[in-house]
Amino acid sequence: MAKIAIDAGHGGADPGAVYQGRQEKDDNLKLALAVGERLQNAGTDVFYTRTEDIYQTPYQKAMAANESGADFLVSLHRNSSEYPNQYTGVETLVYDNKGEKAEVAEAINSGLENIGFRNNGVKIRPGLVILRRSRMPAVLVETGFINSEEDNRLFDEEFDRIADSIADSILQTVAKNEDAVQEREEVYYRVQTGAFRNRENALRQQEKLSAEGYPAFLVENNGYYLVQVGAFRKLENAVRMEAALRENGYQTYITT
Ligand SMILES: [Zn+2]
């Protein structure tokens with residue numbers, strides 16, 4: 001199961017950008033909790049760098065995400081500019097434009113564009129501590145400008161769709177890639193009790209094992225008839241079975 005770290009940018013004494021009393025840290029936390037809830041409902045493990053209004057440096061956030069063992073990190077922010085209503089739109093920042101993070105960044109931007117935000121693209125920002133110091137693929141989403149009336153209206157009116165869209169973008173890429181990894185790594189352990197040239201001899205051992213209650217199978221391989229017990233997903237279960245078989249006088253070894 002994939003584990004996603006979600007960082008609500010800023011917090012506590014660091015409000016982030018502020019516009020007419022509206023503080024970025026509050027928007028970030030609200031969105032982080034909403035995205036996390038959706039990821040959890042989809043069966044994903046979620047780690048939050050913060051669930052309250054507390055101060056953390058970007059370095060502390062990155063270290064917390066690393067310690068959580070998460071497979072992916074999304075840091076949620078809102079953008080700002082010098083003058084009110086100067087700019088609008090979303091952008092997603094990445095350490096470099098490669099692999100899973102680049103895929104998720106593109107997906108997040110187009111999802112938010114469909115909701116009505118201007119798409120300002122994926123930006124490469126290797127200097128950002130949260131992107132540089134986190135060990136897993138990471139993206140930082142600037143969810144519209146907090147000093148843009150238009151973006152704030154979208155953020156508030158389309159809040160649920162924004163959370164849905166960011167969660168879906170992560171799930172589609174990270175969950176899909178994780179399935180592929182699991183398929184490649186699917187290994188079964190079997191305990192082999194004999195290898196025979198003669199099929200009858202192999203059958204005799206298999207039948208003896210079956211009569212003793214072991215899940216024994218005959219496998220033909222390179223002119224040999226192998227008698228194997230299993231299969232087991234976990235090596236420790238194969239080891240336990242091997243010990244029992246040895247106690248009953250079988251010569252064994254574990255194979256995959
Ligand atoms: Zn920010």
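This report describes the domains, the zinc site and the two sheets of a predicted model.

## Domain layout

The chain splits into two domains. Domain 1 covers residues 3-183, and domain 2 covers residues 189-255. Taken over C-alpha atoms, the domain centres lie 52 Å apart.

## Zinc site

Three residues coordinate the zinc ion: His10, Glu24 and His77. His10 donates through NE2, Glu24 through OE and His77 through ND1, at 2.2 Å. Along the chain, these donors follow the spacing H-x13-E-x52-H. The two histidines link distant parts of the chain, 67 residues apart. His10 sits in the loop between β1 (3-8) and β2 (18-19). His77 belongs to strand β5 (residues 72-79).

Are these histidines buried or exposed? His10 has a relative accessible area of 18%, so it counts as buried under the 20% cut-off. His77 is buried too, at 12% relative accessibility.

## The six-stranded sheet

One open sheet holds six strands, in the order β4-β1-β5-β8-β6-β7. Its pairing is mixed. The edges are β4 (45-48) and β7 (119-124). Each has a single partner strand, so one side of each has no neighbour in the sheet. From one strand to the next, the twist averages 20°.

Strand β1 has parallel pairings with β5 and with β4. Five bridges join β1 to β5. There, Ala8 has Leu76 of β5 as its bridge partner. Four bridges join β1 to β4. In that pairing, Ala5 is partnered by Phe47 of β4. Phe47 also lies on the uncovered face of β4, together with Asp45. Val46 and Tyr48 make up the covered face.

At the other end of the order, strand β6 (residues 90-94) runs parallel to β7, with four bridges between them. Val94 stands opposite Ile124 of β7. Between these strands the chain passes through helix α3 (residues 99-115), and this β-α-β crossover is right-handed.

Helix α5 (residues 149-157) lies across β5 and β8 (138-145). Its direction makes about 115° with that of β8. Strand β5 is thus a shared element: it carries His77, pairs with β1 and lies under the crossing of α5.

## The four-stranded sheet

A second open sheet has four strands, in the order β10-β11-β9-β12. The pairing here is antiparallel. Strands β10 (216-221) and β12 (253-255) form the edges, each pairing on one side only. Neighbouring strands are turned by 45° against each other on average, direction ignored.

Six bridges join β10 to strand β11 (residues 224-232), in the antiparallel sense. Within this pair, Val219 stands opposite Leu226 of β11.

Which helices pack on this sheet? Helix α7 (residues 199-211) is one, and it touches β9 (189-196), β10 and β11. Its direction makes about 160° with that of β10. Helix α8 (residues 235-247) is another, touching β9, β11 and β12. The direction of α8 makes about 40° with that of β9. Both helices touch β9 and β11. The edge strands divide between them: β10 is touched by α7, and β12 by α8.

Conventions: Residues are numbered from 1 along each chain as its sequence is written. This is a predicted model: local features need pLDDT of at least 70, side-chain atom pairs count only at pLDDT 80 or more; totals for chains, interfaces and linings use all residues. Side-chain values use heavy atoms; hydrogens and water are left out. Domain bounds come from an automatic or database domain assignment. Donors are N, O and S atoms within 2.8 Å of the metal (3.2 Å for Na, K and Ca); water is not among the atoms, so sites may look incomplete. Buried means under 20% relative accessible area, exposed over 50%, partly exposed in between (1.4 Å probe, protein chains only). Two strands pair if DSSP finds at least two bridges between them. Axes are lines fitted to C-alpha atoms, for helices over the stretch in contact, and angles run from 0 to 180 degrees between N-to-C directions. Contact means heavy atoms within 4.5 Å. A crossover is right-handed if, with the strands pointing away from the viewer, the path from the first strand over the helix to the second runs clockwise.
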